[in-house]
Amino acid sequence: LKKLLSFQPVPDGERDHFGLFAQNEITLGTGWSLTLGGRYDYFAADARDVTMSQTSYSGSGATTLQTVNTFCGETDQAVTFSLGSLYALSNSLHLTTNLATAFRAPDLFERYSTRGGGSQLIIGNPDLDAEYTYNADLGLKYLAARATGYVNVFYNRINDYIDLVKQDSAFLADIPTYGYLNVEDAELYGIDGEATIRLTTYLSLETAIAWVEGRDRHSHDHLSAIAPLNARIGLRYAAALAGGSRYTLRAQATLYDRQRNVSDSEDETPGYATFDLHGGLNFGAAGIFEEIMLTISVKNLLDRSYRSHLRSSQTEWIYEPGRNIVVGLQCAF
């Protein structure tokens with residue numbers, strides 16, 4: 001038995017955006033400032049219908065099944081605000097707080113796409129509502145000659161959170177189908193931080209850590225596509241060359257914990273660690289360029305086999321890239 005699946009993954013469509021934004025900074029006293037902002041956004045999106053067909057070939061001939069995904073125009077609009085505070089506890093240590101609302105309209109993929117193949121399908125949902133969130137965070141920032149860094153805790157409450165879940169019935173034949181839907185009341189909370197410590201004039205230690213939890217506030221079910229606890233640690237060596245050029249060498253390890261807090265549509269993902277090497281050569285200004293930078297990276301140096309949880313909706317045998325080399329050239333005008 002052989003099957004042929006034909007469809008247009010992303011239909012002809014358009015998405016127009018109009019926005020207005022205003023912001024002002026107010027100084028309340030020595031070392032204390034407030035930043036206030038507000039904006040209005042309007043989105044309009046539309047796309048043509050998509051026809052999907054599956055033809056199965058067997059000894060008795062060919063059989064074709066056909067399904068049409070019908071789309072229509074949609075609009076979204078919202079007013080959002082932000083209020084941020086920066087207070088200097090000392091010359092090196094600052095306390096930051098922020099209260100804000102945010103708005104995100106569904107993109108063309110979430111509303112109109114039909115992606116996948118013989119192992120799964122992901123279909124858009126033209127009836128999706130836009131996300132509207134209420135955000136609060138509290139953090140500390142440190143800046144000194146030998147060390148810099150920050151730590152931040154946050155809480156986000158989201159109305160109509162857009163999630164990707166497995167459907168009870170297949171969209172076409174018996175292919176497993178995933179679709180986008182709104183979670184009426186969701187929450188995300190967590191902590192993240194970074195730090196850089198200068199060990200010597202040329203050598204620095206760089207670290208970072210992040211953790212986030214996402215849940216449906218009514219059912220307490222976990223949301224999908226939430227990254228597990230992860231951290232990064234590396235050593236960076238930077239020095240000057242004759243002629244004004246500078247070079248940088250960096251060795252970095254990235255660690256991801258096992259993701260146990262999964263939605264009903266996901267499987268747990270094992271933890272893993274990868275090791276990368278990076279090198280850069282900054283030639284400085286030349287001709288019309290303010291800066292020219294040549295970089296080379298050897299990623300996943302130990303050729304570790306692993307799967308990212310953010311791709312967990314895909315089949316288990318799809319792994320992330322093994323050992324690979326990336327070369328880049330950056331020219332700044």
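Accessible areas here come from the Shrake-Rupley method with a 1.4 Å probe.

**Figure 1. The whole protein and its surface.** Let's start with an overview of this model, which is predicted. The protein exposes about 19200 Å², and carbon and sulfur atoms supply 55% of that area. Of its 333 residues, 32% count as buried. Along its principal axes, the C-alpha trace spans about 75 × 50 × 45 Å.

**Figure 2. Strands, a helix and the contacts of the chain.** Follow the chain here and you will meet 18 strands and one helix. Among contacts with a separation of 6 or more, 61% join residues 24 or more positions apart.

**Figure 3. The largest nonpolar core.** Ten side chains to look for: this core has 10 residues, among them Ala 45, Ala 47, Val 50, Met 52, Leu 121 and Ile 123. Phe 71, Tyr 112, Phe 171 and Ile 175 also belong to the core. Two or more residues each come from strand 3 (32-47), strand 4 (50-58) and strand 9 (121-123).

**Figure 4. A closer look at Ile 123.** Ile 123 is one of the residues of the largest nonpolar core. Leaving aside residues up to four places away in sequence, Ile 123 touches Asn 69, Ser 113, Thr 114 and Phe 171, as well as Thr 177, Tyr 178, Gly 179 and Tyr 180. Of these partners, Phe 171 is also listed in that core.

**Figure 5. A second core.** Separate from the largest core, this one has seven residues, including Ile 158, Tyr 161, Ala 186 and Ile 226.

**Figure 6. Where the charges lie.** The protein carries 26 positive and 39 negative charges, and their mean positions are 10 Å apart.

Methods:
Residues are numbered from 1 along each chain as its sequence is written. This is a predicted model: local features need pLDDT of at least 70, side-chain atom pairs count only at pLDDT 80 or more; totals for chains, interfaces and linings use all residues. Side-chain values use heavy atoms; hydrogens and water are left out. A nonpolar core is a set of buried Ala, Val, Leu, Ile, Met, Phe, Trp, Tyr and Cys residues joined through side-chain atoms within 4.5 Å. Buried means under 20% relative accessible area, exposed over 50%, partly exposed in between (1.4 Å probe, protein chains only). Helices (H or I, at least four residues) and strands (E, at least two) are DSSP runs, numbered from the N terminus. Contact means heavy atoms within 4.5 Å. Lys and Arg count as positive and Asp and Glu as negative; His and the chain ends are not counted. The place of a charge is taken as NZ of Lys, CZ of Arg, CG of Asp or CD of Glu.
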